[in-house]
There are 2 protein chains.
Amino acid sequence: MNPELSVSRRTRSTPFTSRVEAAGVKGYTVYNHTLLATKFRSVEEDYWHLCEHVQVWDVSAEKQVAISGPDAYRLIQLMTPRDLSKARIGRCFYVPLCNPQGGIVNDPIAIKLTENDWWLSIADTDVMLWAQGLAIGFNLDVSVSEPDVWPVAVQGPKAEDLMARVFGESVRDIKFFNIQPMYYKGVAMQVARSGWSKQGGFEIYVNDESLALPLWDELFAKGEDLNVGPGCPNLIERVESGLLSLGNDMGYDTTPFECGLNQYVNLDADVDSLSLPALRKHVPQQQLMGVVIDQACALTTLNVTADGQDVGEITSHAFSPKYGVHLAFVLCSLPALGAHLSIDVHTQIGMLKGQLTPLPFNFDALNLIPKART
Amino acid sequence: MNPELSVSRRTRSTPFTSRVEAAGVKGYTVYNHTLLATKFRSVEEDYWHLCEHVQVWDVSAEKQVAISGPDAYRLIQLMTPRDLSKARIGRCFYVPLCNPQGGIVNDPIAIKLTENDWWLSIADTDVMLWAQGLAIGFNLDVSVSEPDVWPVAVQGPKAEDLMARVFGESVRDIKFFNIQPMYYKGVAMQVARSGWSKQGGFEIYVNDESLALPLWDELFAKGEDLNVGPGCPNLIERVESGLLSLGNDMGYDTTPFECGLNQYVNLDADVDSLSLPALRKHVPQQQLMGVVIDQACALTTLNVTADGQDVGEITSHAFSPKYGVHLAFVLCSLPALGAHLSIDVHTQIGMLKGQLTPLPFNFDALNLIPKART
């Protein structure tokens with residue numbers, strides 16, 4: 001039996017926790033000091049359900065860092081090497097936040113709510129403290145806080161139909177990575193077409209604690225014939241989709257270039273960003289890559305080598321029931337890897353071949369055929 | 001069954017994790033993005049063992065924020081309202097870190113290693129990011145990093161004897177909250193008389209990963225006749241001892257005065273601290289107090305009231321097998337509390353009387369007699 005998570009006030013519960021527990025949550029992680037479910041039936045059963053139906057996720061652990069005031073843009077631009085100077089209101093932007101050495105501090109979604117009000121919808125580091133430190137030190141005219149907002153995600157191929165039943169047909173008009181206020185029981189809350197899966201869906205930024213359970217219950221009541229179920233960010237779906245996780249696949253010791261996030265760094269931008277000077281001179285020493293291991297049994301992966309030399313570390317790993325292979329991300333030392341196109345993956349059943357491939361996985365190019373659920 | 005903790009690379013394992021698992025850990029929390037055990041046999045069995053014998057704790061989750069350079073003192077003094085201007089090398093200092101509003105960002109042990117090298121041995125928020133933000137913004141001549149250091153604590157009444165067998169008799173000369181380098185297999189590592197219990201003991205700041213398991217194993221081998229066992233910060237012992245926990249009992253929304261940490265704020269100090277101006281004007285609106293509930297059965301505590309009005313929130317709670325009562329910390333709204341000396345504690349078995357008392361608990365004054373283990 002795996003050790004249980006000891007829950008305390010420090011591992012914050014959310015307005016949805018009672019429903020998550022009633023739905024039979026079997027595993028948790030702690031993310032931004034907050035409970036985040038990891039599985040309900042099993043990671044694989046949850047995966048198939050997510051790919052075929054619609055799920056409601058308590059993602060309150062996606063905390064918002066609200067940055068407001070005349071210097072809001074200036075502060076956010078200092079933190080990211082992505083050029084946000086032309087950002088439009090009502091848009092979401094995936095932004096690496098980088099320190100002056102180019103290391104990744106966080107990879108939030110930046111949301112421009114008004115000209116002087118932004119949210120950073122953060123991954124698992126205390127971005128608020130970094131932003132507050134910078135704001136104090138640079139004497140910026142901003143407030144930096146973590147407002148009481150508890151996002152709930154509606155994810156899966158039937159998400160749009162379910163959302164339309166609860167929020168009205170106009171929710172269908174929200175484009176990918178756009179956000180706008182929608183009304184629920186007369187209260188305006190931000191709704192974005194986004195979420196931590198590639199199955200499509202929405203995130204509702206619930207800002208009124210008293211509406212959390214009514215909304216949750218209505219999503220389940222109106223989704224019964226859509227086979228709605230409880231869910232959470234799913235490891236298998238995440239790895240198949242090539243979605244990176246801060247702390248697992250990247251962090252302070254990796255740069256956006258080393259993690260394949262090149263498109264989110266604007267080296268030529270004429271903006272004041274803490275990390276751009278270092279990133280302009282940066283020569284990557286490592287590279288996050290995909291690995292495919294053609295093996296169906298459960299694997300405990302140990303180290304990875306090429307020609308008997310350590311080449312790096314597996315950062316995330318899942319068996320893909322759809323493709324019948326193990327998929328992993330590996331952070332490779334480029335000098336150690338050299339020209340190798342495959343690596344040796346040492347496991348509890350011995351050494352296996354791992355085929356290297358760029359991320360996200362291109363299953364067509366890999367000649368992997370999706371199988372139906374068995 | 002309580003949900004398990006899903007372990008990933010993000011919930012960092014430590015050099016000791018294999019031994020912690022082999023010792024039968026039953027519960028974990030995540031603290032500074034790192035695994036921290038919460039129980040082995042049971043919280044109560046672990047408690048009695050800690051009070052009577054000696055335990056070895058993997059407290060790698062106590063991360064060190066290393067601040068080095070000519071401006072190291074200046075940066076640390078900005079972060080804390082405690083006057084560190086006369087701090088001596090080789091001493092440990094419990095320091096609230098406070099934001100410009102006086103709210104508590106963290107409550108680390110500050111360790112002065114050399115004139116320009118400090119460690120902050122932190123509780124569960126990313127102090128490194130705050131310190132880096134301030135250092136960048138104020139253009140300070142410091143480096144701020146999280147070095148590879150994995151503290152292991154040796155706690156309990158027999159801790160000194162066990163430590164002397166491993167590190168030599170001179171370890172007995174280390175005074176409370178003093179720290180000095182000691183040698184283990186020829187490698188110098190810092191050893192302090194400190195730890196997150198009131199049972200006495202030491203913390204060893206292991207700085208060489210290859211020595212982690214040899215040290216762990218030697219502590220167990222040499223402590224066999226002392227009844228050494230695996231352990232971890234213990235909820236019962238912590239509450240009995242009045243030790244506060246960041247995120248449970250205090251945080252951004254509480255000031256040191258509201259949590260009874262007055263002695264760590266030097267209002268008259270002539271130092272440059274971000275929070276002192278606000279703390280000098282601060283009028284506490286709430287107060288963390290002790291509560292004693294004379295009841296032996298297991299309790300689920302709900303809300304707390306006085307005259308039918310909500311007065312605050314229970315932040316930590318444990319049944320004390322030694323005193324046969326429930327002990328809790330409660331963060332009381334001072335306007336709501338008024339002159340009440342007790343509160344009504346609403347539980348699953350109905351309303352119970354809770355006697356308010358200052359922290360730490362004074363069991364003599366409360367007429368509570370310690371009982372032997374039954």
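# Exercises on a predicted two-chain model

The mean pLDDT of chain A, where pLDDT is the predictor's confidence in each residue on a scale from 0 to 100, is 97, and 100% of its residues reach 70 or more. This is a predicted model, in which local features need a pLDDT of at least 70 and side-chain atom pairs count only at pLDDT 80 or more, while totals for chains, interfaces and linings use all residues. Residues are numbered from 1 along each chain as its sequence is written, and chains are lettered from A and ligands numbered from 1 in the order in which they are written. For the complex, the predictor gives an ipTM of 0.97 and a pTM of 0.97.

## Exercise 1. Overall form of chain A

Task: describe the secondary structure of chain A and compare its radius of gyration with the globule rule.

Solution. Begin with the elements, which are DSSP runs numbered from the N terminus, helices (H or I) having at least four residues and strands (E) at least two: chain A has 9 helices and 22 strands. The radius of gyration, taken over C-alpha atoms, is then set against the globule rule of 2.2 Å times the number of residues to the power 0.38. The radius for chain A is 21 Å, close to the 21 Å that the rule gives for 374 residues, so chain A is as compact as a globular protein of that length. Along the principal axes, its C-alpha atoms fill a box of roughly 65 × 50 × 40 Å.

Next comes burial, where a residue is buried if 20 or more other C-beta atoms, placed from the backbone, lie within 10 Å of its own, exposed if 12 or fewer do, and partly exposed in between. Of the 374 residues in chain A, 52% are buried. Finally, with contact meaning that two C-beta atoms placed from the backbone lie within 7 Å, residues 24 or more positions apart account for 68% of the contacts in chain A with a separation of 6 or more.

## Exercise 2. Two covered elements

Task: determine how strand E17 (residues 286-293) of chain A is covered and where the buried residues of helix H3 of chain A pack.

Solution. In E17(A), 7 of the 8 residues are buried, and the strand is mostly covered. Two strands pair if DSSP finds at least two bridges between them. E17(A) runs antiparallel to strand E20 (residues 325-333) of chain A, with 8 bridges joining them, and Met289(A) has Val330(A) as its bridge partner there. E17(A) is also joined by 3 bridges to strand E22 (residues 350-357) of chain A, again in the antiparallel sense, where Gly290(A) is bridged to Thr357(A).

Turning to H3(A) (residues 72-79), 6 of its 8 residues are buried, so this helix is largely enclosed by the rest of the structure. Those buried residues are Ala72(A), Leu75(A), Ile76(A), Gln77(A), Leu78(A) and Met79(A). They pack against several elements of chain A, including strand E5 (64-68), strand E9 (109-114) and helix H4 (127-137).

## Exercise 3. Domains of chain A

Task: list the domains of chain A and characterise the contact between domain 1 and domain 2.

Solution. The bounds, which come from an automatic or database domain assignment, divide chain A into domain 1 (17-60 + 149-239), domain 2 (64-133) and domain 3 (285-374). The C-alpha centres of domain 1 and domain 2 of chain A lie 24 Å apart, and 9 residues of domain 1 are in contact with 8 residues of domain 2. For the classes, Ala, Val, Leu, Ile, Met, Phe, Trp, Tyr, Cys and Pro count as nonpolar, Asp, Glu, Lys and Arg as charged, and the others, Gly among them, as polar. The side of domain 1 of chain A that touches domain 2 of chain A has 5 nonpolar, 4 polar and no charged residues.

## Exercise 4. The interface between the chains

Task: find which element gives the largest share of the side of chain B that touches chain A.

Solution. In total, 37 residues of chain B are in contact with 37 residues of chain A. Strand E1 (4-5), strand E2 (27-31) and helix H4 (127-137) of chain B each supply at least two residues of the side of chain B that touches chain A, and the largest share, 8 residues, comes from H4(B). By class, the residues of this side divide into 14 nonpolar, 17 polar and 6 charged. Strand pairing also crosses between the chains, as strand E1 (residues 4-5) of chain A runs parallel to E2(B) with 2 bridges, and Glu4(A) has Gly27(B) as its bridge partner.
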